[in-house]
Amino acid sequence: MSGGDLINIHPTELKFPFELNKQSSCSMQLANKTDQYVAFKVKTTNPKKYCVRPNTGIVLPGSTCDVTVTMQAQKEAPPDMESKDKFLLQSVAAPHGATTKDITPDMFNKEAGKVMGEFKLRVIYVPASPPSPVPEGSEEGSSPRESVLENGNQNNVMFDASTRSGLEANHTRFMEEPRNKSSEASSIISKLTEEKTSAMQKNQKLRQELDLMKKEISKSRACGFSFLFVVLVGLLGILAGYLVKKT
């Protein structure tokens with residue numbers, strides 16, 4: 001339906017699904033049916049209750065623009081679910097190449113010779129449909145019990161999957177722990193082996209040095225014994241010569 005000579009508006013009523021303590025939204029589409037740039041502005045009789053995005057804008061020639069209206073959460077339902085709130089959409093021809101920043105309040109003042117359109121939209125509350133207590137499968141011949149069983153089976157499958165993944169994670173962790181401990185044990189064994197090899201090498205070196213010292217001591221003892229023997233033989237020779245002269 002036309003919203004003046006510039007813009008077509010669809011739908012022409014704002015229908016909000018009404019549910020206490022919950023926000024509700026609806027949208028409308030603005031279509032520019034001219035070859036001009038068209039500026040628009042959305043007003044409401046209850047601005048604290050509704051939020052309009054965008055509330056102003058430019059619709060290019062032959063294009064459309066979507067406007068979303070959000071109703072704040074309501075604590076009480078209106079009598080007979082009827083709303084007295086209304087919206088007004090104003091449209092006016094804008095200069096070629098105009099943008100949202102170029103829109104001013106004076107553009108929507110009614111003046112002689114100005115091409116301008118206005119369209120009023122009323123608000124309708126639609127009761128939010130409560131969830132059906134009958135399972136969907138019951139319409140096709142399945143009983144609620146079967147639906148419950150199917151849901152139970154699905155839950156069991158999900159539980160089994162989560163349990164399996166948990167067990168696999170634990171198994172992986174248990175497998176990694178012995179590997180880590182085995183790696184630490186191998187490192188300790190390698191270190192002990194190196195220390196043992198080093199100690200054996202030092203022990204062998206000490207034995208070689210000890211053998212060398214024993215040989216040197218034996219040589220020194222042999223040399224001392226030979227010298228003492230020579231001295232004794234000399235003394236005996238002198239004593240024997242002395243006795244021969246006496247006789």
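Met81 is partly exposed in the predicted model, with a relative accessible area of 26%. This residue is found in the loop between strand 7 and strand 8. Its phi is near 55 degrees, a positive value in a residue other than glycine. Asp80 is found in the loop between strand 7 and strand 8 as well, and its phi is also positive, near 60 degrees. Most residues other than glycine have a negative phi. Asp80 counts as exposed because its relative accessibility of 69% is over the 50% cut-off. For Met81, the value of 26% falls between the limits of 20% and 50%, and the residue is therefore classed as partly exposed.

The protein consists of one helix and nine strands. Along the sequence, the elements follow the pattern β-β-β-β-β-β-β-β-β-α. Helix 1 spans residues 144-246. Of the 247 residues in the protein, 20% are buried. The accessible surface amounts to about 18700 Å², and carbon and sulfur atoms account for 57% of this area. Among contacts between residues at least 6 apart in sequence, 72% join residues at least 24 apart.

Strand pairing was examined for strand 9, which covers residues 116-127. Strand 9 pairs with strand 2 in the parallel sense, over six bridges. In this pairing, Glu13 stands opposite Arg122 of strand 9. Strand 9 is also joined to strand 8 by eight bridges, and these two strands run antiparallel. Here Phe87 has Leu121 in strand 9 as its bridge partner. Strand 8 comprises residues 82-94, and strand 2 comprises residues 13-18.

Two cis peptide bonds were found at proline residues, one joining His10 and Pro11 and the other running from Arg53 to Pro54. Most peptide bonds are trans. Omega is about -5 degrees for the bond between His10 and Pro11. Pro11 lies in the loop between strand 1, residues 7-10, and strand 2. For the bond from Arg53 to Pro54, omega is near -15 degrees. Pro54 is placed in the loop between strand 5, residues 50-53, and strand 6, residues 56-59.

Thr70 is located in strand 7, which covers residues 64-71. The relative accessible area of Thr70 is 17%, under the 20% cut-off, so the residue is classed as buried. The side chain of Thr70 makes a polar contact of 3.0 Å with the side chain of Ser25. When residues up to four places away in sequence are not counted, Thr70 touches Gln23, Ser24, Ser25, Lys49, Tyr50 and Cys51. Ser25 thus appears both in the polar contact and among the residues touched by Thr70.

On the surface, Leu228, Val231, Leu232, Leu235 and Ile238 make a nonpolar patch of about 480 Å². Leu232, one of these residues, lies in helix 1. Its relative accessible area is 46%, which is over the 30% required of patch residues. Leu232 is nevertheless classed as partly exposed, because 46% does not reach the range over 50% that defines exposed residues.

Technical notes
Residues are numbered from 1 along each chain as its sequence is written. This is a predicted model: local features need pLDDT of at least 70, side-chain atom pairs count only at pLDDT 80 or more; totals for chains, interfaces and linings use all residues. Side-chain values use heavy atoms; hydrogens and water are left out. Helices (H or I, at least four residues) and strands (E, at least two) are DSSP runs, numbered from the N terminus. Buried means under 20% relative accessible area, exposed over 50%, partly exposed in between (1.4 Å probe, protein chains only). A polar contact is a pair of N or O atoms within 3.5 Å; within protein, one must be able to donate a hydrogen and the other to accept it, and residues adjacent in sequence count only if both atoms are side-chain atoms. Contact means heavy atoms within 4.5 Å. Patches are made of residues with over 30% relative accessible area and no salt bridge: like charges are joined within 9 Å, nonpolar side chains (Val, Leu, Ile, Met, Phe, Trp, Tyr) within 5 Å. Accessible areas come from the Shrake-Rupley method with a 1.4 Å probe; for residues, only the protein chains shown count as cover. A salt bridge is a side-chain nitrogen of Lys or Arg within 4 Å of a carboxyl oxygen of Asp or Glu. Two strands pair if DSSP finds at least two bridges between them.
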